[in-house]
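Thank you all for making time this morning. I would like to walk you through one model, and I will try to keep to what its coordinates can support.

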Amino acid sequence: MLIKLSLISLVTLASAAPSTTTSTSAASTPTAAPLLPIPAFSGTFANAYPPVDKTAPTDTPLVKQWLAELNLTAMPDFPPTKFNSGGDLENPNSVPADTCDWTVTNCINKDITNCPKRTWGLTYDDGPTEFSPQLYDFLDTTDQKATLFYIGSNVVTNWQAARRACAAGYHIAVHTWSHNPSTTLTNEQFVAEIKYTELAIKELCGITPTYFRPPYGDIDNRIRGLLVQMGYTSVIWDIDTNDWMMAPGGTRTEAQVDAAFDQWVAGAANLTEGHVCLEHELYQNTVNAAIKNLPKIQLTWKAMPVAACVNDAHPYQEKNITLATLDGAQTGSGAAVKSLSASVVAAAAVAIAAASFGL
Ligand SMILES: [Zn+2]
């Protein structure tokens with residue numbers, strides 16, 4: 001799958017090259033009133049972060065501190081996998097079945113893959129990017145919230161867009177620091193990738209995410225065990241727009257993406273489960289496709305963040321922050337779930353439904 005490595009390089013280009021332009025466009029006035037209080041930010045990060053789009057280092061004092069808080073000896077003793085230069089997992093037949101490796105067998109182990117019947121988990125990966133403000137502008141016009149799986153490197157590069165999304169009450173989640181396949185990383189590297197991304201979001205937004213999506217869906221029980229120790233719930237998807245293949249030189253056309261959405265709309269009435277759909281805020285054309293197709297989704301499904309569809313009102317470590325959920329959400333005309341309004345409430349200690357993997 002050449003496309004995998006192509007995505008890595010294109011993520012690099014998208015996040016690194018246009019950072020100056022991004023900062024300007026992302027600083028435009030948000031159209032939605034802030035719902036969540038976010039801390040002041042001078043534009044200079046207080047913490048030192050790894051180089052963007054590079055695998056996070058494991059020898060810094062911060063990483064050593066994070067590792068000391070975990071029990072790595074309790075992790076399944078699977079060696080990291082290797083991907084070849086074409087982006088394919090090397091020797092997939094040698095990966096033991098008990099690793100429950102999604103890349104090899106689409107194995108799921110309490111990862112979230114679906115929302116309930118007639119609900120649509122609206123997710124956008126790989127942001128924030130220079131194109132994100134266009135997407136957020138559109139979502140704000142219908143008060144539509146989504147789960148945004150952020151790449152840490154992009155968060156520190158396009159921090160204005162990240163702060164806008166946090167303040168508007170979008171569900172912010174983690175998608176690693178450098179977008180490597182998770183199972184190729186050592187335990188220490190994976191922890192560093194999660195925690196640096198988490199720290200950047202905390203510094204910018206005052207919140208600590210608890211939801212994670214693995215790049216390329218690449219996850220196994222070793223990675224799941226590390227996620228549980230760090231307090232994360234993993235999210236995959238059950239339908240994939242393959243919108244990222246519309247990148248320059250890619251093999252997916254806008255018409256094909258539109259047709260996929262049309263098919264999902266047409267089949268909605270016959271399903272006993274809802275969807276979690278994979279989309280990206282990565283390129284101009286993926287944002288265009290998202291904007292074009294969302295209205296028909298809203299007319300057919302109740303679209304909402306993943307945390308909302310599983311009725312998790314507290315998707316951050318800060319349990320005094322409450323986001324509306326499926327059962328608690330206000331629904332508007334056209335069956336679009338109106339804003340999953342966020343409010344700060346008294347610090348009720350509501351334990352997040354952390355997955356127990358029984359590893
Ligand atoms: Zn991704």
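I will begin with confidence and overall make-up, then turn to the metal site, the strands around it, one helix, a few backbone details and a pocket.

What you have in front of you is a predicted model, and the mean pLDDT of the protein is 85, with 82% of its residues reaching 70 or more. Two stretches fall well outside that description: over residues 1-30 the pLDDT is below 50, although the model still gives this stretch 51 contacts beyond near neighbours in sequence. Residues 330-359 likewise have a pLDDT below 50, and there the model has 66 contacts beyond near neighbours in sequence. Where pLDDT is low, the predicted coordinates should not be read in detail, and I would ask you to keep that in mind when you look at either of these stretches.

As for the overall make-up, the secondary structure comes to 12 helices and 10 strands, and buried residues make up 57% of the 359 residues in the protein. If we take the contacts between residues at least 6 apart in sequence, 79% of them join residues at least 24 apart.

Let me move to the metal. Which protein residues act as donors of the zinc ion? They are Asp 126, through OD, together with His 175 and His 179, each through NE2, and they lie 2.0 to 2.1 Å from the zinc ion. Along the chain these donors follow the spacing D-x48-H-x3-H, and the pair of Asp 126 and His 175 links distant parts of the chain, 49 residues apart. Asp 126 sits in strand S1, which covers residues 119-127, while His 175 is in the loop between strand S3 (171-174) and helix H8 (187-205). Are these two donors buried or exposed? Asp 126 has a relative accessibility of 0% and therefore counts as buried, and His 175 is buried as well, with a relative accessible area of 1%.

Strand S1 deserves a longer look. Asp 125 also lies in S1, and at 2% relative accessibility Asp 125 counts as buried. Leaving aside its neighbours within four places in sequence, Asp 125 is in contact with the zinc donor His 175, and its other contacts include Phe 149, Arg 213, Glu 279 and His 280. Leu 122 is found in the strand too, and with a relative accessibility of 0% Leu 122 is again buried. Among the residues that Leu 122 touches, not counting those up to four places away in sequence, are Leu 139, Thr 147, Glu 279, Leu 294 and Met 304. Of these, Glu 279 is 157 residues from Leu 122 in sequence, yet their C-alpha atoms are 8.1 Å apart in space.

In strand S2, residues 147-150, we find Tyr 150, which counts as buried at 0% relative accessibility. The C-alpha atoms of Tyr 150 and Arg 213 are 9.1 Å apart, with their positions 63 residues apart in sequence.

Next, helix H7, which runs over residues 159-167: nine of its nine residues are buried, so H7 is largely enclosed by the rest of the structure. The buried residues include Trp 159 and Cys 166, but also Gln 160, Arg 163 and Arg 164. Just after H7, Gly 169 takes a positive phi of about 90°.

That brings me to the backbone. The peptide bond from Gly 127 to Pro 128 is cis, with omega near -10°, and Pro 128 lies in the loop between S1 and helix H5 (132-141). Asp 53, although not a glycine, has a positive phi of about 65°; Asp 53 is in the loop between helix H2 (19-26) and helix H3 (61-68) and is buried, with a relative accessible area of 14%. Asp 143 also has a positive phi, near 55°, and lies in the loop between H5 and S2, but Asp 143 is partly exposed, at 27% relative accessible area.

Finally, the second largest pocket has a volume of about 220 Å³. It is lined by 13 residues, and the closest to its centre are Pro 79, Pro 80, Thr 81, Ser 94 and Val 95. By character, the lining divides into six nonpolar, four polar and three charged residues.

Methods: Residues numbered from 1 in each chain as written. Predicted model: local features only at pLDDT ≥ 70, side-chain atom pairs only at ≥ 80, totals over all residues. Heavy atoms only, no water. Donors = N, O, S within 2.8 Å, 3.2 Å for Na, K, Ca; no water. Helix = DSSP H or I, 4+ residues; strand = E, 2+ residues; numbered from the N terminus. Buried < 20%, exposed > 50% of the residue type's maximum accessible area, 1.4 Å probe, protein only. pLDDT = per-residue confidence, 0-100. Contact = heavy atoms within 4.5 Å. 1 Å grid on protein atoms, 1.4 Å probe; cavity = no way out; pocket = protein on both sides within 12 Å on 5 of 7 lines; lining within 4 Å. Points joined across faces, edges and corners; volume = space filled by probe spheres on them. Nonpolar A, V, L, I, M, F, W, Y, C, P; charged D, E, K, R; others polar.
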